[in-house]
Amino acid sequence: MNEGIERISSGELSLRMNVTASQIRQDLNNFGGFGQTGYGYNVSYLYNEIGKILGLNNSHDVIIIGAGHLGQAIVNYSNFEKRGFVMKALFDINPDLIGKKIGGIPVYSVDDLEKYLARNPVPIAALTLPKEAAEGIAHRLVTCGVKGIWNFAHTDLALPSGIVVENVHLSESLMRISYRLANIGEEK
Ligand code: NAI
């Protein structure tokens, strides 16, 4: 779309994505198929349909618990908003941070979490605080109606069913690099 391309074949997509054309056709067919034989895919239609599959047609408000290095990096990264994830507030226990704004986003005391969520329900919370505090905070968030936890704290959260937890481990990517460097030449 950015390149002004209006339609694209699965063959052309496969060259860009390093996946076979038949894999692309099969994957998209699982969702009903969006292409036509001989025409390929209308790029903006495909973009919108994939957005719908990923639930990106609506925007999602997000709060961040832990306004340290990682929490600040997340709110300062503006591209999340372009994807529909709107950072609304940070929460922390550090009195030096509470009351400040970071990247234009206010930092509140974590003591005010329930009060805030009663007035501003949000579906998603990021946990960027020490792991010892993560589980307790996660339960408080769930009690207040948060349905999705973006968990950066290195701990497994035991939460009621129906709550979506996405654990993020940046170190896994690093280990993958390390593995691939150690196995250069053996990759297909
Ligand atoms: P940091 O020390 O810079 O920030 C942590 C913040 O949490 C501090 O501002 C602190 O005051 C606040 N905090 C402490 N207890 C709290 C509580 N009960 N409620 C609310 N806020 C509280 O640490 P950093 O580097 O930002 O890391 C944050 C967390 O993310 C750590 O658990 C770290 O291990 C994890 N992490 C995970 C990564 C991953 O790939 N999953 C990568 C980097 C960090």
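What follows is a walk through the two domains of this chain and the ligand it holds.

First, some ground rules. This is a predicted model, so local features are reported only at pLDDT of at least 70 and side-chain atom pairs only at pLDDT 80 or more, while totals for chains, interfaces and linings use all residues. Residues are numbered from 1 along each chain as its sequence is written, and side-chain values use heavy atoms, with hydrogens and water left out.

The domain assignment splits the chain into domain 1 (7-53) and domain 2 (60-172); such bounds come from an automatic or database assignment. The C-alpha centres of domain 1 and domain 2 sit 35 Å apart.

Let's start with domain 1 (7-53). Here you'll find an open sheet of three strands, ordered E1-E3-E2, with antiparallel pairing. Strands are DSSP runs of E with at least two residues, helices are runs of H or I with at least four, and both are numbered from the N terminus; two strands count as paired if DSSP finds at least two bridges between them. Strand E1 (7-8) and strand E2 (35-36) are the edges: each has a single partner strand, so one side of each has no neighbour in the sheet. E1 and strand E3 (residues 40-42) are joined by two bridges, and Ile8 stands opposite Tyr41 in E3. Helix H3 (residues 43-53) packs on this sheet and touches E1 and E3, its direction making about 75° with that of E3. Contact here means heavy atoms within 4.5 Å, and the angles run from 0 to 180 degrees between N-to-C directions of lines fitted to C-alpha atoms, for helices over the stretch in contact.

Now for the other sheet. Seven strands make it up, in the order E6-E7-E5-E4-E8-E9-E10; it is open and its pairing is mixed. Strand E6 (101-102) and strand E10 (164-167) are the edges, each with a single partner strand, so one side of each is left free of a neighbour in the sheet. Strand E4 (residues 60-65) runs parallel to strand E5 (residues 85-92), joined by six bridges, with Ile64 opposite Leu90 in E5. E4 also pairs in the parallel sense with strand E8 (residues 124-127) over four bridges, and there Ile63 stands opposite Ala125. Four more parallel bridges link E8 to strand E9 (residues 148-151), where Ala126 faces Trp150. Helix H4 packs on the sheet, touching E4, E5, E6, strand E7 (105-109) and E9, and its direction makes about 155° with that of E5. Helix H7 packs on the sheet too, touching E4, E8 and E9, at about 170° to the direction of E8.

Those two helices come up again at the ligand: H4 (69-76) and H7 (131-143) each supply at least two residues of the shell around it. In total 21 residues surround the ligand, the closest being His69, Leu70, Asp92, Val168 and Leu170; a residue counts if one of its heavy atoms lies within 4 Å. What about backbone N or O atoms? One from Leu170 lies 2.6 Å from a ligand oxygen atom, one from Phe152 lies 3.0 Å from a ligand nitrogen atom, and one from Gly68 lies 3.5 Å from a ligand oxygen atom. The cut-off for these polar contacts is a pair of N or O atoms within 3.5 Å. Overall, the protein covers 74% of the 850 Å² of accessible area that the ligand has on its own, by the Shrake-Rupley method with a 1.4 Å probe.

Conventions:
Polar contact = N/O pair within 3.5 Å; in protein donor to acceptor, adjacent residues only side chain to side chain.
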